[in-house]
Amino acid sequence: MSKRYDKPIPLGWFAIGYSSELAVGGVKPLRYFGRDLVLFRTEAGEARLLNAHCPHLGAHLGHGGVVKGESISCPFHAWEFNGEGYCTKVPYAKNMPPKVDGKQAIGRYPVVERNQMIWAWYHPEGAEPSFDVHTIAELHSPEWTEVDTFEWEINSIIQETGENAADIAHFVTVHSSPEMPQGVVTMDGHTRCTLMDSKQEAMDEFGNIDRSGENYDEGRLEAWSYGPGLTYQKFSRLFDVVMMGTITPIDDQNIHMRFCFTLPKQQSDEHTLYANAFRDEIVHQVNQDIPIWENKVYLEAPTLCDGDGPIAKYRKWFKQFYVA
């Protein structure tokens with residue numbers, strides 16, 4: 001069966017879980033980047049990510065593996081490996097096997113904890129990080145609420161879903177926006193910024209969206225992409241909402257998308273009601289996009305018109321995250 005997409009997995013920092021979901025000594029099997037992985041937290045509290053299979057006889061460290069100090073112990077024969085992928089102990093051997101003695105025995109991934117999540121750096125050739133995980137101040141501030149989270153597994157690739165922000169025409173045709181948004185898009189290195197002003201359907205005092213086509217509010221969107229895996233968005237109307245979007249490649253055909261929303265605690269109850277209704281509308285719009293993403297094909301040379309938005313510019317920017 002032919003693949004829908006003929007694109008490599010992009011390099012970058014990708015969210016692999018929430019920090020709060022990995023306790024000290026916790027072990028989780030994961031499947032990202034087309035690979036079986038094991039995530040664990042050492043007794044010193046450090047999150048570590050390795051390729052999953054023990055080089056001894058191939059057991060999966062994420063299914064029954066146990067954290068011992070700063071290493072993870074294999075469930076099959078209790079060989080131990082630290083977060084750098086080095087074998088630190090073979091409990092029943094007199095001598096360390098030469099094949100692993102002083103050598104990296106299992107592939108490892110740089111890991112950072114930031115924005116309430118655990119991030120792993122992926123590069124198809126194992127190169128070290130070329131940029132950092134951007135800090136989202138609101139997710140580290142006591143003046144903002146605990147996050148509301150939503151997630152989806154989607155049969156698509158990151159480049160396709162990210163193209164939505166450049167494809168301004170679809171906001172009218174798919175999401176029933178009353179007019180084409182007016183925006184400015186700038187791209188610099190691994191970052192991309194979109195500033196967009198648009199009419200939004202008004203809300204009543206109960207947070208219900210007025211779809212009569214007669215009443216509107218002015219809305220502003222500030223969106224930043226930091227590499228392919230992290231997006232910051234701030235929506236401003238009568239209220240403020242901040243969203244962190246993360247997209248992680250499961251493999252070269254599928255992605256794991258997460259949205260995390262937070263609100264200013266000082267916002268009034270009425271404005272919080274509006275903000276929550278707006279959050280729900282954003283989630284609704286993702287659910288509108290998914291059937292299109294999962295059934296469309298990627299065209300290398302699409303037939304574009306002057307109202308489509310900077311799609312070609314976006315694709316050129318995204319190419320920097322592919323390694324031939």
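A residue is taken as buried under 20% relative accessible area, as exposed over 50%, and as partly exposed in between. In the predicted model described here, W224 has a relative accessible area of 27% and is therefore partly exposed, since this value falls between the two cut-offs. By the same criterion, 48% of the 324 residues of the chain count as buried.

The secondary structure of the chain comprises four helices and 18 strands. Of the contacts between residues at least 6 apart in sequence, 58% join residues at least 24 apart. The chain exposes about 15700 Å², of which carbon and sulfur atoms supply 50%. The mean pLDDT of the chain is 91, with 89% of its residues at 70 or more. Confidence is lowest in helix α2 (residues 170-173), where the mean is 56, and highest in strand β3 (residues 35-41), where it is 99. Where pLDDT is low, the predicted coordinates should not be read in detail.

The aromatic residues were examined next. A pair of aromatic rings is described by the distance of the centres and the angle of the planes, and the structure holds 20 aromatic pairs. One of these is formed by W13 and W121, whose rings are 5.7 Å apart centre to centre with 65° between the planes, an edge-to-face arrangement. This pair links distant parts of the chain, given that W13 lies in strand β1 (residues 12-18) and W121 in strand β11 (residues 117-122), 108 residues apart. Both W13 and W121 are buried. A stacked pair is formed by W224 and Y226, because their ring centres lie 6.1 Å apart, within the 6.5 Å limit for pairing, and their planes meet at 10°, under the 30 degrees required for stacking. Whereas W224 is partly exposed at 27%, Y226 has a relative accessible area of 12% and is thus buried, this value being under 20%. W13 and W121 also belong to one aromatic cluster, together with F131, Y314, W317, F318, F321 and Y322.

With respect to cysteines, the count of disulfides comes to zero. For C87, the nearest cysteine sulfur is that of C54, at 7.6 Å, and C87 is in no disulfide, because a disulfide requires the two sulfur atoms to lie within 2.5 Å. C87 counts as buried, since its relative accessibility of 9% is under the 20% cut-off.

Two further residues, each located in a helix, were considered in terms of their surroundings. R315 is placed in helix α4 (residues 311-318) and counts as buried, because its relative accessibility of 10% is under 20%. The side chains of R315 and Y298 are joined by a polar contact of 3.3 Å. When residues up to four places away in sequence are not counted, R315 touches Q159, E163, Y298, L299, E300 and P302; Y298 thus appears both in this list and as the partner in the polar contact.

N295, in contrast, counts as exposed, because its relative accessibility of 64% is over 50%. This residue is placed in helix α3 (residues 269-295). A polar atom of the N295 side chain lies 2.7 Å from the backbone oxygen of P291. The C-alpha atoms of N295 and N155 are separated by 8.5 Å, although the two residues are 140 residues apart along the chain.

Conventions
Residues are numbered from 1 along each chain as its sequence is written. This is a predicted model: local features need pLDDT of at least 70, side-chain atom pairs count only at pLDDT 80 or more; totals for chains, interfaces and linings use all residues. Side-chain values use heavy atoms; hydrogens and water are left out. Helices (H or I, at least four residues) and strands (E, at least two) are DSSP runs, numbered from the N terminus. Buried means under 20% relative accessible area, exposed over 50%, partly exposed in between (1.4 Å probe, protein chains only). Contact means heavy atoms within 4.5 Å. Accessible areas come from the Shrake-Rupley method with a 1.4 Å probe; for residues, only the protein chains shown count as cover. pLDDT is the predictor's confidence in each residue, from 0 to 100. Rings of Phe, Tyr and Trp (its six-membered ring) pair if their centres lie within 6.5 Å; planes under 30 degrees apart count as stacked, over 60 as edge-to-face and the rest as tilted. A polar contact is a pair of N or O atoms within 3.5 Å; within protein, one must be able to donate a hydrogen and the other to accept it, and residues adjacent in sequence count only if both atoms are side-chain atoms.
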